[in-house]
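Me: I would like to learn how to read a protein model. Could you walk me through it?

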Amino acid sequence: MYYRKLGNTGLEVSEISFGTIPILQGNIPVLPAYFNLNEDEALAVMAHAFERGCNLYDTAIVPEYGDAEIKLGKFAARVGREKILISDKARFFCGSEMYRAVETSCENLGTIPDLYFVHQVDFSHEEEVFGRGGALDALAELKAEGKIRFAGIASHYYDILLRGAQDERVDVLQGSGNLLERGILDRIRQEVRFNGKGFLVNKVYAAGLLTARFSVRTLIGFALDYPVSSVLIGLGTKAQVDAAMGWDARNPKPEIPSFEEVLSVLEKEYDPIPCDRCQRCVCVYGTEIHTLFRQYQYFYLGKDYWALKKLGLGIAESARHCRECARMPCMDACPKKIRISQEIEKIAKLTEDYAV
């Protein structure tokens with residue numbers, strides 16, 4: 001295992017870190033059916049990762065990640081709290097709620113987390129999070145009180161991550177990226193304002209969908225080729241731990257397919273949209289074009305029911321706006337020159353055909 005600096009925190013983290021979603025147990029409606037591990041099974045998998053050199057474990061508050069936070073606290077006590085780093089998060093956006101969430105997390109863990117993120121910050125909550133009395137102010141206060149060591153922002157949106165990179169209250173960032181959805185990582189690599197911030201990458205396997213088409217070595221090697229601190233991999237079995245941590249990315253360095261080569265692999269199964277989710281396409285009507293394209297890809301890659309439910313939310317209205325829009329500034333902004341209106345019509349037809 002190799003280790004990298006976590007921005008300017010003074011910490012060093014393993015290049016592969018442990019995502020705890022697969023070790024949870026319980027009914028979590030927003031998550032798929034994972035391995036449903038009991039406590040002994042979960043601790044054994046985490047211990048196996050530790051033996052392979054992993055020192056960073058990422059979780060979220062109960063009940064968002066089921067009982068994973070509690071299991072991680074017990075593992076930390078068993079292995080030795082000083083030997084691992086704990087990354088935690090909560091989806092609360094106002095300061096008072098975030099403050100209480102962190103105190104609850106500390107109780108669940110039996111210790112203080114090293115990193116704590118405001119989870120899944122989107123544009124509808126951006127000003128609340130970053131504004132006076134928001135979640136970020138609460139994390140800064142908690143850091144000053146010694147209840148967390150470092151504060152972070154986790155988001156799927158480049159512009160929010162960029163705002164976090166420029167905020168002195170933010171020590172670490174967490175965002176997504178993979179072989180197919182590489183647009184955010186490409187922009188981060190080109191933006192010097194991210195320098196000095198620790199960065200954790202999730203969705204490296206695209207919710208497990210890409211492992212059937214590309215090797216784990218290629219998927220992880222791709223992400224580690226960017227200026228990031230660590231890649232978060234959801235791990236639920238010892239075999240998954242060995243696959244993620246049992247190789248040396250540098251000797252020899254894996255061959256990384258270009259975006260066009262990735263599309264050529266997917267073309268054997270369906271007609272992919274050549275979108276890397278760079279998020280430069282801004283719709284004047286508010287449609288998240290890149291998100292629609294993502295759900296379309298995921299539909300064909302294997303998450304058909306989940307993706308279809310997401311696509312069905314407002315797609316008819318989005319298609320109507322496309323037909324009415326005369327300027328189409330989104331197409332001018334798209335580096336891939338995607339014919340966005342045609343693709344959205346295709347997605348609308350897909351949801352119509354599969355509607356139940």
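Reply: Let us go from the overall form to one pair of rings, remembering that this is a predicted model.

Me: Happy to. What is the secondary structure of the protein?

Reply: Counting helices and strands is a good start. Here there are 15 helices and 10 strands.

Me: How does the radius of gyration of the protein agree with that of a compact globule?

Reply: The idea is to set the value beside the one expected for the chain length. For 356 residues, a compact globule would come near 21 Å, and the protein has 20 Å, so the two agree. Along the principal axes, the C-alpha atoms fill a box of roughly 60 × 45 × 45 Å.

Me: What share of the residues is buried?

Reply: Buried means under 20% relative accessible area. By that cut-off, 56% of the 356 residues are buried. The protein exposes about 15,700 Å², and carbon and sulfur atoms supply 50% of that area.

Me: Which contacts join residues far along the sequence?

Reply: Take the contacts between residues at least 6 apart in sequence: 74% of them join residues at least 24 apart.

Me: How many aromatic pairs are there?

Reply: A search of the whole structure finds 11. One of them is stacked: Phe18 and Tyr57, 5.2 Å centre to centre with 25° between the planes. Phe18 is in strand E3 and Tyr57 in strand E4, so this pair ties together parts 39 residues apart in sequence.

Me: Are Phe18 and Tyr57 buried or exposed?

Reply: Phe18 counts as buried because its relative accessibility is 0%. Tyr57 is also buried, at 0% relative accessibility.

Me: Which residues do ring pairs link into a cluster?

Reply: That cluster links Tyr270, Tyr296, Phe299, Tyr300 and Tyr354.

Note on methods
Residues are numbered from 1 along each chain as its sequence is written. This is a predicted model: local features need pLDDT of at least 70, side-chain atom pairs count only at pLDDT 80 or more; totals for chains, interfaces and linings use all residues. Side-chain values use heavy atoms; hydrogens and water are left out. Helices (H or I, at least four residues) and strands (E, at least two) are DSSP runs, numbered from the N terminus. The radius of gyration is taken over C-alpha atoms; the globule rule is 2.2 Å times the number of residues to the power 0.38. Buried means under 20% relative accessible area, exposed over 50%, partly exposed in between (1.4 Å probe, protein chains only). Contact means heavy atoms within 4.5 Å. Accessible areas come from the Shrake-Rupley method with a 1.4 Å probe; for residues, only the protein chains shown count as cover. Rings of Phe, Tyr and Trp (its six-membered ring) pair if their centres lie within 6.5 Å; planes under 30 degrees apart count as stacked, over 60 as edge-to-face and the rest as tilted.
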